[in-house]
Amino acid sequence: MTEFLAWHFLREGRKVADYGSGSPFANTTVSAGTKLVLPPGREIAPCEYGLHASVRPIDALQYATSSIIQRVRLSGTIVERADKAAASERETLWVMDASLALHISAVNFANTTTLLNPDAS
């Protein structure tokens with residue numbers, strides 16, 4: 001069994017998003033220690049079916065619908081793509097509201113851009 005650590009953003013209220021893929025966990029509230037295991041029978045495929053996450057938090061950010069981020073362990077059947085993976089099992093290690101960290105990062109990115117290209121301001 002392969003497993004690795006990854007990042008995943010939840011909806012407000014620490015809820016699993018429902019993208020219409022038929023996930024039995026849509027709208028489930030998660031906290032540290034929650035382990036979701038998909039029933040056997042469907043093929044795991046990124047963007048189609050599975051419990052998703054990204055190895056890099058910047059990759060996970062493009063799929064975010066809120067600022068609630070969780071550190072997860074993917075295991076079971078895992079199918080990886082360039083910027084994300086889908087798995088049959090996902091365990092939440094911790095969850096936090098990353099609003100402040102995202103705000104600080106945005107300010108730093110803006111300041112760096114201005115320093116590197118003064119004409120952009």
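A pocket is here an open set of grid points with protein on both sides within 12 Å along at least five of seven lines, and its lining residues are those with an atom within 4 Å of a point.

**Figure 1. The second largest pocket of the predicted model, lined by 13 residues.** Nearest the centre of this pocket lie Phe9, Pro57, Leu61, Leu102 and Ser105, and its volume is about 220 Å³. Strand S1, helix H1 (57-61) and helix H2 (99-116) each contribute at least two residues to the lining, with H2 providing the largest share, five residues. By class, twelve of the lining residues are nonpolar and one is polar, while no charged residue takes part in the lining of the second largest pocket.

**Figure 2. The largest pocket, with a volume of about 420 Å³.** Its lining consists of 23 residues, among which His8, Ala17, Tyr19, Gly50 and His52 are the closest to the centre of the pocket. At least two lining residues come from each of strand S1 (4-10) and strand S3 (51-53). The lining of the largest pocket is made up of twelve nonpolar, seven polar and four charged residues, whereas the lining of the second largest pocket has no charged residues.

**Figure 3. The largest nonpolar core, a set of twelve residues.** The members of this core include Leu10, Val16, Phe25, Val30, Leu36 and Leu38, and Ile44, Tyr49, Leu51, Ile68, Ala86 and Val95 also belong to it. Apart from this core lies another one, of seven residues, among them Phe4, Ala6, Val72 and Ala85. In soluble globular proteins, nonpolar side chains tend to be buried together.

**Figure 4. The surroundings of Leu10, a member of the largest nonpolar core.** When residues up to four places away in sequence are not counted, Leu10 touches Lys15, Val16, Val30, Thr65, Ser66, Ile68, Gln70 and Val95. Of these neighbours, Val16, Val30, Ile68 and Val95 are listed with Leu10 in the largest nonpolar core.

**Figure 5. The chain as a setting for the close-up views, with two helices and five strands.** From the N terminus on, the elements follow the order β-β-β-α-β-β-α, and the C-alpha trace spans about 55 × 30 × 25 Å along its principal axes. The chain has 121 residues, of which 37% count as buried, and its accessible surface comes to about 7100 Å², with 55% of that area belonging to carbon and sulfur atoms. Among contacts between residues at least 6 apart in sequence, 64% join residues at least 24 apart.

Terms used:
Residues numbered from 1 in each chain as written. Predicted model: local features only at pLDDT ≥ 70, side-chain atom pairs only at ≥ 80, totals over all residues. Heavy atoms only, no water. 1 Å grid on protein atoms, 1.4 Å probe; cavity = no way out; pocket = protein on both sides within 12 Å on 5 of 7 lines; lining within 4 Å. Points joined across faces, edges and corners; volume = space filled by probe spheres on them. Helix = DSSP H or I, 4+ residues; strand = E, 2+ residues; numbered from the N terminus. Nonpolar A, V, L, I, M, F, W, Y, C, P; charged D, E, K, R; others polar. Buried < 20%, exposed > 50% of the residue type's maximum accessible area, 1.4 Å probe, protein only. Contact = heavy atoms within 4.5 Å. Areas by Shrake-Rupley, 256 points an atom, 1.4 Å probe, with all protein chains shown as cover. Core = buried A, V, L, I, M, F, W, Y, C linked by side-chain atoms within 4.5 Å.
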